[in-house]
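Biologist: Let us go through this model together. I will ask, you answer.

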2 protein chains.
Amino acid sequence: MGRFARPRTRIAVTHAISPLAPKTHPAMPPIAGVRLATAEAGIRYKGRTDVLLCLLDEGTEVAGVFTRSRCPSAPVDWCRERLAGGRARALVVNSGNANAFTGLKGREAVALTAEIAADEAGCPAETVFLASTGVIGEPLDGSKFRGVLAACAARATPDGWLDAARAIMTTDTFPKVATRRVRLGEVEVTINGMAKGAGMIAPDMATMLSFCFTDAPIAAPVLQELLSAGAATSFNCVTVDGDTSTSDTLLLFATGRAGGARIERADDPRLAAFRDALDDLLRDLAQLVAKDGEGARKFVTVEVVGAETDRSAHRIAMSIANSPLVKTAIAGEDANWGRVVMAVGKAGEPADRDRLSIAFGGIRVAHQGARDPDYDEAAATAAMQGDDVTVSVDLGLGQGRARVWTCDLTKAYVEINGDYRS
Amino acid sequence: MGRFARPRTRIAVTHAISPLAPKTHPAMPPIAGVRLATAEAGIRYKGRTDVLLCLLDEGTEVAGVFTRSRCPSAPVDWCRERLAGGRARALVVNSGNANAFTGLKGREAVALTAEIAADEAGCPAETVFLASTGVIGEPLDGSKFRGVLAACAARATPDGWLDAARAIMTTDTFPKVATRRVRLGEVEVTINGMAKGAGMIAPDMATMLSFCFTDAPIAAPVLQELLSAGAATSFNCVTVDGDTSTSDTLLLFATGRAGGARIERADDPRLAAFRDALDDLLRDLAQLVAKDGEGARKFVTVEVVGAETDRSAHRIAMSIANSPLVKTAIAGEDANWGRVVMAVGKAGEPADRDRLSIAFGGIRVAHQGARDPDYDEAAATAAMQGDDVTVSVDLGLGQGRARVWTCDLTKAYVEINGDYRS
């Protein structure tokens, strides 16, 4: 190869559906006050939808959780600023271009897109929420949305949730949806959610987007409290490669159209079942993201107990879940607890080698700082051979516990992210 | 494959020599007061040396830097405790078994090994230093060293540095040595160093070991200050996969046999050239470790300037160097600055998207929060095609700077660490 590069053609490789994909998708009921439509705007992809418009009835309240990146995308900045109002009338999501690291042009594109959507939804631009996923650093032409969003608004319907989940995919191999039905005071309410996970087309990066909708009558500040708490035990417990996107966005919209009294306090006892259902739905979506991690062949649950605090347990669990050596060992179906010891040790959290116990799939392999004398290698290896692998660590120090999810690290991950040259 | 595992044979795969290996090794001069010998103890490997004994003349002073793992190996515990004395008469290193997570048995094995070495060297066991690298969690039989160390002591010579560097390898693909000659006050002194890097045989993990020797007359507390400072800009600036070993050990021995006045203060002006030479030698060894990173095909330098502090710059540089998405992009020879933005953003350090500039091999690709308008993709891609790739980030905030080294992430890394099943 010469000193200068050949011009390259970037090829979007279609990857086989993850072996961890669910066999079926749940039937998604409508949510009163929410209408959806998708379109092919040709932002980057050909022959597939890449725009989602959600129209939300007047009175819809909203909560959001965003990336902690110090270099967030333009849509993340926009949503953060608009969240204070607590009101939402439209959501526009595009795939193919993340509108991240696009400077002033990116901010202008976001404002223009919101204006176009506001025209179609008949609402102030301040109540339009936006999310983008795809290439970083490429300018996004906001004017592209003009005709597209008009057409979407004209044919938006309460159905088509799976189509919506497909439109926001990048190289996700399957659409991710979940639904729950739960009692809230005197009424039954529905929660629908969709997510996209680790997708990659050069030079994109994985972005986690999730949008949840309910007809429950819940005030925005309460919604925010529920969502922040729910994110802490769901999306914030998932890692594919430890690389945090500039665009991570989780939004929850509540139309209130189920009727019943508006819930205005987070300690309202009527919220108990709703909170559980929301947490459960968020966990479900988060796990689907790990199951579609790039190159994933195994879904991995890491459980840590006996830590000094829950926070400490979480950090240790994430250190294990992010360790390339642990993840490659799991890909190799090896009950390699030496690497788990390493990952516990490097987390920087209180740990005592001589109290540490480690199990794979319930088979204890190490106990009190040494190999378990009853360690049965065949049983431990068998525990590594299914699609689901659980790594359990007992630190033996206190009551802190945490559970996080990840996937294994396979050659396909490197292929997807490194071998995209023509 | 059935429910239960087949019994496995673990095969130590020999990997091709890293394409980043130096073409030649430096000629290693003797160090007055240091004698070396290696042996085949058959601890795990067959047909290769796996034990190194270094005998040190009376009066040798020692300094050390160790893993920050909360689950350190038994030899690390031993060395840390013995370091306070500041005196060393022998160093015993074995490969094949890390004696980590081996509980009480591990501590007993260390004590026994030190006793055997002390007998042979005619010194107190307190002045014997030990390091082990290899399998974690397997008991190490200290009695194996008895005959082996006696034989080593009988034939120890001032030569054979390359053999010594070979005996401490695990799956390193080349021995790592460096030497410097420098003036210290009225005398010329020599510094020799060896290191081993990322090696892996199931279920081993990468361990960084490095041993340096000088005939300079330097008091242990001064030596410690020099070594700690040197480690901060060398070994602590290298990462292959972000996984910190339980066994990382860097020791520096000074025999004082070059003669001249003993240096007893770290601010002694005579130290200036020695300090530079030591820093340079440590950097050299650290870079050799990155060049032999598992599966490495490219040596990567990450430079960060314009951060608020040096510490902040270091954290951002490590976030870039540890990012799987950055490392796979480099393997793919893609000047993917979007992933560098991501890695800056996730570091959690002060950063302002709109002031950020990024260059590959000196070709600026992003400037002030957006793609550089003069960005020449062909030139940037060309900068990715050599063996050496430099990623430069200017945060535009302050004077903080850092430089770290790593390698790319290739399918071979996953192969080495995940595909070791029979």
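**Confidence and folds**

Modeller: A caution to begin with. In chain A, residues 1–13 have pLDDT under 50 throughout, and the model gives them 17 contacts beyond four places in sequence. This is a predicted model.

Biologist: Which other residues of chain A have pLDDT that stays under 50 and 40 contacts beyond four places in sequence?

Modeller: Chain A as a whole has a mean pLDDT of 87. In it, 93% of residues reach 70 or more. The stretch with 40 such contacts, where pLDDT stays under 50, is residues 199–206.

Biologist: Which are the edge strands of the open sheet of six strands in chain A?

Modeller: The pairing is mixed, and the order is β13-β12-β11-β14-β10-β15. An edge strand pairs on one side only. In chain A those are β13 (370–371) and β15 (400–407).

Biologist: Which residue of β15(A) is the bridge partner of V304(A)?

Modeller: β10 of chain A spans residues 299–307. Seven bridges join β10 to β15(A), and the two run antiparallel. Opposite V304(A), the bridge partner is A402(A).

Biologist: What is the handedness of the β-α-β crossover from β4(B) to β5(B)?

Modeller: β4 (residues 90–97) and β5 of chain B pair in the parallel sense over eight bridges. One bridge pairs N94(B) with S132(B). Between the strands the chain passes through helix α2 (residues 103–121) of chain B, and the crossover is right-handed.

Biologist: How many of the eight residues of β5(B) are buried?

Modeller: β5 of chain B covers residues 128–135. The strand is mostly covered. The buried count is eight of eight.

How values were computed. Residues are numbered from 1 along each chain as its sequence is written. Chains are lettered from A and ligands numbered from 1 in the order in which they are written. This is a predicted model: local features need pLDDT of at least 70, side-chain atom pairs count only at pLDDT 80 or more; totals for chains, interfaces and linings use all residues. Two strands pair if DSSP finds at least two bridges between them. Helices (H or I, at least four residues) and strands (E, at least two) are DSSP runs, numbered from the N terminus. pLDDT is the predictor's confidence in each residue, from 0 to 100. Two residues are in contact if their C-beta atoms, placed from the backbone, lie within 7 Å. A residue is buried if 20 or more other C-beta atoms lie within 10 Å of its own, exposed if 12 or fewer, and partly exposed in between; C-beta atoms are placed from the backbone. A crossover is right-handed if, with the strands pointing away from the viewer, the path from the first strand over the helix to the second runs clockwise.
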